[in-house]
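Here are some exercises to work through with the structure beside you. Try each task yourself before you read its solution.

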Amino acid sequence: MVLQFNQQLTLEEFLNLPPGEGDITYELVDGKAIPKMSPKKFHSKLTRALLNLIEKCCEDKGEVCPELAIALTRHGRNWVPTPDLLYISNERLPDDWDEEGACSVPPDLAIEIISPGQTFGQMALKAQDYLNAGVLRVWVVDSKARSITVFYPDAAPHTYVGDEIITDSLFEGLQFSVEAVFKLAKIPAKNG
């Protein structure tokens with residue numbers, strides 16, 4: 001299928017699209033295939049650091065996956081976002097999941113790292129869409145502010161910075177600081 005500008009796609013058509021050229025991936029938003037920005041080095045380093053920290057705490061309790069599409073709904077329409085990282089517990093993993101396709105259930109956690117050209121406000125709206133679709137937690141990582149904002153379905157968001165320890169009853173044993181994430185990713189603090 002050749003992708004036409006503004007072409008309306010069904011979920012099935014979207015999921016059957018051939019891979020994008022090069023490193024382009026797409027998200028299904030309002031019936032359209034929207035290209036997702038290709039991660040750059042700092043983005044990839046943060047993703048790897050978070051993956052390692054979450055895997056350590058959630059070992060054998062579920063799956064941690066970078067760049068995995070999720071089949072959800074948004075405003076009553078099919079929506080297929082591709083978070084930078086997600087965690088889905090064994091309790092939520094469907095037995096019949098086609099591991100070559102999009103994840104068919106909302107994950108426990110979706111993580112989005114703000115890329116150049118994106119704003120915190122855009123990611124906060126996306127976080128709310130994730131929560132409305134059944135995702136239990138959403139983390140928005142802001143590398144410029146060196147912060148992680150955690151969005152909850154039943155409470156106000158909380159922004160963690162510096163040496164403040166991130167903990168969450170949803171992830172027993174998870175405990176690390178934002179600064180530890182940036183140090184593990186080898187992203188130095190900017191002076192001034």
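**Exercise 1. Aromatic pairs**

Find how many aromatic pairs there are, then describe the one formed by W79 and Y130.

*Solution.*
Step 1. Keep in mind that this is a predicted model. The count of aromatic pairs comes to four.
Step 2. For W79 and Y130, the ring centres lie 5.2 Å apart and the planes make 45 degrees. Planes under 30 degrees apart count as stacked and those over 60 as edge-to-face, so the pair of W79 and Y130 is tilted.
Step 3. Now place the two residues in the chain: W79 belongs to strand 5 (residues 77-79) and Y130 to helix 3, with their positions 51 residues apart, so the pair links distant parts of the chain.
Step 4. Finally, ask whether they are buried or exposed. Buried means under 20% relative accessible area. W79 counts as buried because its relative accessibility is 3%, and Y130 is buried because its relative accessible area is 0%.

**Exercise 2. Another ring pair**

Classify the aromatic pair of W139 and F176.

*Solution.*
Step 1. The centre-to-centre distance for W139 and F176 is 6.2 Å, and the angle between the planes is 70 degrees. The pair is therefore edge-to-face, as the angle is over 60 degrees.
Step 2. W139 sits in strand 8 and F176 in strand 12 (residues 176-177). They are 37 residues apart, and this pair too links distant parts of the chain.
Step 3. W139 is buried because its relative accessibility is 1%; F176 is buried because its relative accessible area is 7%.

**Exercise 3. The sheet**

Work out the strand order of the open sheet of six strands, and find its edges.

*Solution.*
Step 1. The order is 3-6-7-8-9-10, and the pairing is mixed.
Step 2. Strand 3 (62-66) and strand 10 (158-161) are the edge strands, since each of them pairs on one side only.
Step 3. From one strand to the next, the twist averages 15 degrees.
Step 4. Look at one edge: strand 3 pairs with strand 6 (residues 85-89) in the antiparallel sense, over five bridges. In strand 6, S89 is the bridge partner of G62.
Step 5. Add the helix: helix 3 (residues 120-132) packs on the sheet and touches strand 7 (109-113), strand 8 (137-142) and strand 9 (147-151). The direction of helix 3 makes about 165 degrees with that of strand 8.

**Exercise 4. One arginine**

Describe the surroundings of R137 in strand 8.

*Solution.*
Step 1. R137 is buried because its relative accessible area is 12%, which is under 20%.
Step 2. A polar contact of 2.7 Å joins its side chain to that of D168.
Step 3. Leaving aside residues up to four places away in sequence, R137 touches several others, among them D108, L131, F151, D168 and F171.

**Exercise 5. The whole protein and its confidence**

Put the details into the wider picture, and decide where to read with care.

*Solution.*
Step 1. The protein has four helices and twelve strands, and buried residues make up 47% of its 192 residues.
Step 2. Among contacts with a separation of 6 or more, 53% come from residues 24 or more positions apart.
Step 3. The average pLDDT is 85, and 84% of the residues score at least 70. Over residues 1-5, however, the pLDDT is below 50, and beyond near neighbours in sequence this stretch has ten contacts in the model.
Step 4. Where pLDDT is low, the predicted coordinates should not be read in detail.

Methods: Residues are numbered from 1 along each chain as its sequence is written. This is a predicted model: local features need pLDDT of at least 70, side-chain atom pairs count only at pLDDT 80 or more; totals for chains, interfaces and linings use all residues. Side-chain values use heavy atoms; hydrogens and water are left out. Two strands pair if DSSP finds at least two bridges between them. Axes are lines fitted to C-alpha atoms, for helices over the stretch in contact, and angles run from 0 to 180 degrees between N-to-C directions. Contact means heavy atoms within 4.5 Å. pLDDT is the predictor's confidence in each residue, from 0 to 100. Buried means under 20% relative accessible area, exposed over 50%, partly exposed in between (1.4 Å probe, protein chains only). A polar contact is a pair of N or O atoms within 3.5 Å; within protein, one must be able to donate a hydrogen and the other to accept it, and residues adjacent in sequence count only if both atoms are side-chain atoms. Rings of Phe, Tyr and Trp (its six-membered ring) pair if their centres lie within 6.5 Å; planes under 30 degrees apart count as stacked, over 60 as edge-to-face and the rest as tilted.
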